[in-house]
Structures are given as structure tokens and as C-alpha cells.
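Me: I would like to go through the charged pairs and the cysteines of this model one by one. Please give the reasoning before each result.

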Amino acid sequence: MSKITAAITAVGSYVPDFVLSNQVLETLVDTNDEWITTRTGIKERRLLKEEGQGTSFMAIKAAQNLLEKANLDPKDIDLVIMATATPDMPVASTGVYVATQIGATNAFAFDLQAACSSFLYGMSTASAYIASGKYKKVLLIGADKMSSIIDYTDRATCIIFGDGAGAVLFEPNTEGLGLQDEILKSDGIGREFLKIEAGGSILPPSEETVKNKQHFVFQDGKTVFKYAVSGMADVSEKIMQRNNLAHDDINWLVAHQANRRIIDATANRMELDESKVLINIQKYGNTTSATLPLLLSDFENQLKKGDNIIFAAFGGGFTWGAIYLKWAYTKK
Ligand code: UT7
């Protein structure tokens, strides 16, 4: 029997309608369009403004978009993995709710949290379930409502993040397409530099923590930047070497959209031509778990069967890694 690999066979996405531009941010904090554009590459981001709605709202829409495009019966899905750093609630699981809402009544579901690397880690997890032969259809969703944990008076974070969702379907492949190799890393040294201090088991929410704004994201951007540049570039270079891939062999770099300069540094280390680097950070900012599937969705028409893609991400924790995947279809 030929080896089973896990291939991506469909993608879907959703972003909210509301646009927060750099120009509007100029009216909220001491910043300007020129600084944000040159330091991050971001021009605008989307925010979920629907009253009483959380991450699941966007995750459901992204999954429904995929189901419709792929003409897939949700009852055929075996597993739903919900990659997110902003679950609807700490308990119960967001993925379980999403699976039920989309009609994936035969699936089991769970949440996976690895900050901005959640989706990348989710690709590894989904792929392992498929390659084991246990499951045939695994839906991996990456969604985050970052606006729910951002302080819009903190210019160090509010200019970066946005809301969005993307979904991919993993299925078995016997032609050698799909996930080929992965390097996943983590290092607890990162805990101090990118965190939400309160609301967890160390510091449960209280009047005091809210007053101190400890339920918002704190980021020491400069330090995270340094680790992100070396971390993402190192694993991307290593996965190329270990698979004997020269820069000409790579068709696309699908990298976490946190900062244009981090993506460029990774692409430079890989000696990749700019035309092979997928970018949509200007439209959405950093959507955390949604950046990678939003890229696949935006650029799906350009991806061809057999294309060699390197995925790379870096996030809080720290968590980071790279995945080498062969694309499995050409969109008609
Ligand atoms: O996705 C999860 C992982 N996260 C990341 O990968 C994010 C990594 N970090 C970054 O992307 C960048 O560090 C930031 C975009 C957050 C900041 O860019 P930076 O080039 O590292 O800026 P900086 O913090 O070193 O600040 C440079 C200057 C400072 O002024 P002085 O001291 O040089 O006078 C800041 O006060 O820019 C100032 N500054 C700003 N100015 C206008 C900081 N934030 C802003 C702002 N608008 N929003």
C-alpha cells in the first residue's frame, strides 16, 4: 500500500466588514500612517463589531464558506480542530460549538492554543490524524477576535492586530502530495514578552486586574521581533536544507503575517524572489490563528497542484516552526 500523506483539499475564509484604517488609528493613539506602514506593512485591519459575537461567529462563516465551495456534506467530517487564542469562553470549547453549528454532527472537536503558531501546530496535528489512517476528513479552522483582547489606547499593540478566520480541509493522499515535513519549536523564555497577565489561573480576573488593564495583550515588541526574525528564518532555512530544496524549488512562502519586516527577513534567508512571498498583511494586520489560512484563501487561484510551499510562523510562548507541504490541487 502506498504511504498516506495529509493533503489540503479545500479552503474557506471570512473577515468582518468593519475596516479600521491607519488614518482612524491616528485619531485614537499617538501614531501615524507612515510609521505603521514602514514598520509593519499594515494599512488596515478588520474588526468584528457584531454585538455579542465572538470567535465562533467568524469560524462558522469560514467553515461554511469551505463547505459550500467544496460541496461537502458536514456529516462526513470526522474531526474539527479549532486553532484560536481567543476562544468564545475559557470553558466550554469553541470548536465543539462550531462543529455543531456547521452540522458536523459526526465529528469530535477540540481547541488548540499556541498563540500565533496555533494554525501551524494545527496543521501538524490534523496531518498526524490523517496519516495515522484513523480519520479521513479533518477540518482545521484558524480564527481570532483579537479586538476582544486589545487595548485601543496602547499604540504598541492596537496598530498590529485584526480579526478574521480561515479554514482548510485535510484528506488522505496517496500521490505523495500534502504535508512532507515539519519543524515545530517552543521556548518558555517568551512568556514574559507577549502575554495576557490576568484572567487565567495565576491571576483570576478582579476589579483590580481590569483597572490595571491586565486582561489586554502586553507585548515587548522589540524583543519579540528579534526572536521572531531569527526563529522563523532558522526553521525555514533548515527545512529547506533537510529536504534538499534550493530556492528555485520553492513556489511559495506562506508566512505568519505579524510584521512585513519579519516576513522579508525570512524570505531573504531562503533567498526567495519577492514574487513567491504571499502577503496580505496590508489588508488584515495580524489575525493570529487566521493569517495562514487567509493567505491560502486569498491566493488559492494562483496555487497549482504539486507546488512546493513552505509555511512558517512565530508566536507567543514562544512557539514557532515551519512546514513543507506539496499543494494538492489546481483550482478550476
Ligand atoms: O504575532 C506574534 C508575534 N509578534 C510579532 O511578531 C511582533 C513583533 N514586533 C514587531 O512587529 C515590532 O516590534 C513592532 C511593530 C511591535 C514595533 O516596531 P519596532 O520597529 O520594534 O518599534 P520600537 O518598539 O523599537 O519603537 C521604535 C520607535 C520608538 O520611539 P523612539 O524611542 O525611537 O523615539 C517608539 O516609541 O517608535 C515608537 N513607536 C511608535 N511610533 C508611532 C512605537 N509604537 C509606535 C506607534 N506609532 N504605534
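Me: Which residue forms a salt bridge with R269?
Reply: This is a predicted model. In it, the closest N and O atoms of the pair are 2.9 Å apart, and a salt bridge needs a side-chain nitrogen of Lys or Arg within 4 Å of a carboxyl oxygen of Asp or Glu. R269 sits in helix α9 (residues 260-269) and its partner in helix α8, 35 residues apart, so the pair links distant parts of the chain. The partner of R269 is D234.

Me: Is D234 buried, partly exposed or exposed?
Reply: The relative accessible area of D234 is 39%. Buried means under 20% and exposed over 50%, so a value in between puts D234 in the middle class. R269 is in that class too, with 31%. D234 is partly exposed.

Me: Which residues are joined into one network by salt bridges that share partners?
Reply: Here the salt bridges have partners in common, which joins the residues into one network. Its members are E192, K195 and E197.

Me: How many residues apart in sequence are the parts that R242 and D181 tie together?
Reply: The side chains of R242 and D181 meet in a salt bridge, 2.8 Å from N to O. R242 lies in helix α8 and D181 in strand β8 (residues 178-186), so the pair ties together parts of the chain at a sequence distance of 61 residues.

Me: Is D181 buried or exposed?
Reply: Its partner R242 is partly exposed, with a relative accessible area of 43%. For D181 the value is 14%, and the limit for buried is under 20%. D181 therefore counts as buried.

Me: Which residue forms a salt bridge with E171?
Reply: The closest N and O atoms of this pair are 2.7 Å apart. E171 lies in strand β7 (residues 163-173) and the partner in the loop between α5 (118-131) and β6 (138-145), so the bridge ties together parts that are 34 residues apart in sequence. Both residues are buried. The partner of E171 is K137.

Me: How many disulfides does the count come to?
Reply: A disulfide requires two cysteine sulfur atoms within 2.5 Å. For C158, the nearest cysteine sulfur is that of C116, 16 Å away, and C158 is in no disulfide. The count comes to zero.

Me: Is C158 buried or exposed?
Reply: Buried means under 20% relative accessible area. C158 has 0%, so it meets that limit. C158 counts as buried.

Methods:
Residues are numbered from 1 along each chain as its sequence is written. This is a predicted model: local features need pLDDT of at least 70, side-chain atom pairs count only at pLDDT 80 or more; totals for chains, interfaces and linings use all residues. Side-chain values use heavy atoms; hydrogens and water are left out. Buried means under 20% relative accessible area, exposed over 50%, partly exposed in between (1.4 Å probe, protein chains only). Helices (H or I, at least four residues) and strands (E, at least two) are DSSP runs, numbered from the N terminus.
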